[in-house]
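Please open the model in your viewer and keep the sequence panel beside it, so that each selection can be followed in both. The tour begins with one residue and moves on from there.

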Amino acid sequence: MHDFPSAAFRLCSQRNACAVEHLRSLLRYAPDAMMLIGPQGLIDCNDLAVRMLRTTRDAIAQQISAPQPPATDTNGPESGDEHRPDASAGLLDRLRQSANDGPAAFTWQFTTSADSPVPVEMAAARVPDAGEELWLVRLRDLTPRREVEQRLEESLARFRQIAEHLDDALWLTSADGREIVYMSPAYEKIWGRSSESLMRGPQDVTVGVHPDDRARVRRQFYGRHPSAPLDQTFRLLRPDGTIRWVRNIAFPVTDGTGRVHRIAGITRDITDTIEHKQALHMVNQRLQRKSVFLHTLLDSAHQAIIATDQQGTITIFNRGAECLLGIPAPQVCGRRKLDELIDPRALEAWSRQLQRELGQPVRGGFDILTAKLRQHDVDTRECTFLDANGRPIPVLLSVSPVTTDDGTLTGYLGVAQDIRERKQWEAELRAAKEAAEQASTAKSSFLAQMSHEIRTPLTAILGFADVLARGLGTPAQRSSYVETIRSAGGHLLTLVDDILDLSKIEAGRIEVRLDRCCPTELVAGVLAMLRMQAEAKGIDLTARWLTPAPRLIRTDPTRVRQLLTNIVGNAIKYTDHGSVRLELRIRDEEPRLEIAVRDTGPGISEKTRRALFEPFVRGDHDTVQRVGGTGLGVCISRALARALGGDIGVESEIGRGTTFRITLETGPLDSIPQENAGPVPLNVPVIAAHTEPVQLPPAHILIVEDGEANRNLLKLVLQEAGAHVVTAANGRDGVELAGTRRFDLVLMDIRMPVMDGYAATRQLRERGFDRPIIALTAHSLREDRERCLTAGCTDFVTKPIDFEKLLAAVAKALQTGPRYGRPDASDSVPLTDDRPLHCSPRSGRPELAHLLQRFREQLLTRIATMRTALERQQRHRIRELAHWLKGTGGTMGFDEFTAPASQLESRAIHGSAAELLELIDRLESLATRIPVPEPETAVHM
């Protein structure tokens, strides 16, 4: 037998008699009711079996031998009975029938001495190698189970009686849940199916479950442990297509031994509950969305929104209110009243206003905010809140009542708008109005002064021009008249330039071009130019370095010269006696150049100083009436200083003079040579344009100019210089003339009727004209110059025309030859040429000879720097040095440097190393050919 010790089977392997005796001994000590049955019937049984069957051994033996039908077999999974024997067969026959199947388990019914039935479960196993049929049988009393089953049937009957009157479906299944034992009539109402169809068809607890829920329901029901309870909610899909929600609760039912015998459950239709919950959920969602929307709306509002109850206690305090006052909402909601946030002085003012408006006294506190709401829907006033730190915040506060649909008052709503910016705008508007009025007054004064400034030189120009036209005066007098006309015209041009500079400043288009220059020479040049004015008034004009002076700084020398001329010229103009001195120093920490211009003039009042740098503002009235001026110079000077990375400040005291302090960026000074501190000599030579007459070669020049007077004047000047001149009145005529004859150069006006200078220049270039074209224009901005060059011009001369500059530009263009397009081989200077370079007249002047030596030394040093930069791949440094040389070489009078320096600058970034090295070698060869003056002819500083 499979659950006996293996020792029993080894004993039974001996001969039959010995085996029987041993088996009998085993029966006596077995813990269960046991029988030993042979081919003739009962051989023996132990006492436990006798007590279980409640009879004698002889009665047991008789019942085993006699043919007797077995007791009603439950044949359930727990019985283990896999054979249904013949009803007339006895126990021995049953044992023989199952002999070939190994151990057998079946139920049998014995009768006690009192004729009471005893159902038992018999587990029998044949003893192997016993020599004859021997069976060991273990008995188990089924009476307790049958009693439990009986009680269960009784309970089930009562359960059915109850279930038939319930709306919930009650059901029973087998322990594994795969066989439906009972289903109450409510099934038909809930599932919409007949109970008969359920019992006829495949029994499955998931029948009718919605397809989307079926897998989950099966997994939860069949996948759990049988003793575990179950509570699940799912949908049923009824045959008519309707869907019902149900709740299914299942729990185990055990027998007397604690083993799970059945699964009981209740299925309840909860569709109404679910639908109610869904409807409630949707309502809640809508309310929540509305609440979120309202809160978002409140929080996104820029205004402070504050709601209160009827007594004024704050209930809502939005994010705008938090930001406005710097108070978190939890600190005020339910804790403070709206009137407590308002400045008490503002409440008092509000109360006084209400008394005047209503004609009756108003109680204090929150009543002030609501007093007028009895007559109006809203009360809006300016008042002052106090933030978390007690600082006042001006607001526009609107208070309105909050009522229900039937008009019941529930509270109040306050909306406060921050009006600090508006207040500031109003203040700025008032200030702007005052400033506009002052500016209008200043402009009127300026126009009156400008009218005087313009009419004065115009009177001289027109008067002396009339004298010349009448032929009056001696030749010497006529020459003096002409010089007076030129001087007055120059003064007029200065006035126009100041106005143009001011317009550029106001448009934010002021231009600076940074380059290396000597600050000492800049200052000395300005002093040399203004020295005669100072000497005429008996004023000492001096300059001194208070710190070591760098030889070079990086700035715009033209703009610095203009700035210093304005400031120093003003100082001389306003100073009647004493001195004007310049103090120069380098501020190492930045570095910056500081120039202090100190005068001993009358000084400037504090009121005038505050507006001194505004356009059209001049000094005190009496002084202005005496010295004149437009009031633009100081304003332009500050704009120039700021464009150069610095600024201008002023210090003054009435009766003790004025100091203008100018600061300028210098660029890095680490490797720049320094000179000792000390006075700046006023005889420092400055490179200036020469005044020797220019003689042109017999070139053929075309003048394209729409103004007849300008055409005739230009033609006269150029013919006097030796050129052959032809004129055209517009661009189209000029293009046609250039196509019929050969010209060496074209002077092209830009603004003309029929065809302007841009279009005419482009057409000439498209037709192959490769000779120089010099643009003539009254516009002097950088973009105007770039536009002319882009159209095809080679140079640029501004109006009114300085004829010396024009002749110099024409002479340079004629000497250089074709310059349009890519430079050709004619631009190159052979490296083998060792002849000294030709000097222009101004570079050959003895008083400037020492500058040639310095220029040659600087040039050789910078060429060496170029070679080092090329080795280190510092190409931007090469381009910077080439740009310096391109401008400086021509300024010094050596135009041979212009072409190779220009090529080096344009090719510095993307050119090959061999190409750059060749250009550097060419520049070095030119540098060695610069003529060095004899030591005795050099003038030293």
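Select E583 to begin: with a relative accessible area of 18%, this residue counts as buried, because buried means under 20%. Keep in mind throughout that this is a predicted model.

Now add R598 to the selection, and look at the side chains of R598 and E583, which form a salt bridge whose closest N and O atoms are 3.0 Å apart. R598 belongs to strand β21 (residues 592-599) and E583 to strand β20 (residues 579-587), and the pair links distant parts of the chain, 15 residues apart.

Next, show the strands around this pair as a cartoon. Both β21 and β20 belong to an open sheet of six strands, in the order β22-β23-β21-β20-β17-β25, and the pairing in this sheet is mixed. At its edges you will find β22 (647-653) and β25 (678-679), each of which pairs on one side only. Select strand β17 (residues 540-545) as well, and follow it alongside β20: the two strands run parallel and are joined by six bridges. To see how they line up, pick L541, which stands opposite V580 in β20.

From the sheet, turn to a second salt bridge by selecting R422 and E382, whose side chains meet with 2.3 Å from N to O. R422 lies in helix α14 (residues 420-470) while E382 lies in strand β13 (residues 379-386), so the pair ties together parts that are 40 residues apart in sequence. Are these two partners buried or exposed, or something in between? R422 is partly exposed, with a relative accessible area of 30%, and E382 is likewise classed as partly exposed, at 44% relative accessibility.

For a salt bridge within one helix, go to helix α2 (residues 16-29), where R24 and E21 are three residues apart and therefore separated by about one helical turn. The closest N and O atoms of the R24 and E21 salt bridge are 3.8 Å apart. R24 is partly exposed, with a relative accessible area of 28%, and E21, at 45% relative accessibility, is also partly exposed. If you then add D44, D47 and R57 to the selection, you have a network of salt bridges in which these three residues are linked with E21 and R24. Over the whole structure, a search finds 38 salt bridges.

The next stop is an enclosed space. The structure has four cavities of 30 Å³ or more, and the largest cavity holds about 130 Å³ of space. To find the largest cavity, select W171, M183, W191, V205 and N248, which lie nearest its centre among the 16 residues of its lining. Then colour the elements that give two or more residues to this lining, namely β6 (169-174), β7 (180-183), α7 (186-191), α9 (211-222) and β8 (230-237). Colouring the lining by residue type shows 11 nonpolar residues, four polar ones and one charged one.

To finish, look at two cysteines. Which of C45 and C323 is buried, and which is exposed? C45 is buried, with a relative accessible area of 3%, whereas C323 is exposed, with a relative accessible area of 64%. As you look at them, note that the structure holds zero disulfides.

Conventions: Residues numbered from 1 in each chain as written. Predicted model: local features only at pLDDT ≥ 70, side-chain atom pairs only at ≥ 80, totals over all residues. Heavy atoms only, no water. Disulfide = S-S within 2.5 Å. Buried < 20%, exposed > 50% of the residue type's maximum accessible area, 1.4 Å probe, protein only. 1 Å grid on protein atoms, 1.4 Å probe; cavity = no way out; pocket = protein on both sides within 12 Å on 5 of 7 lines; lining within 4 Å. Points joined across faces, edges and corners; volume = space filled by probe spheres on them. Helix = DSSP H or I, 4+ residues; strand = E, 2+ residues; numbered from the N terminus. Nonpolar A, V, L, I, M, F, W, Y, C, P; charged D, E, K, R; others polar. Salt bridge = Lys/Arg side-chain N within 4 Å of Asp/Glu carboxyl O. Pairing = 2+ DSSP bridges.
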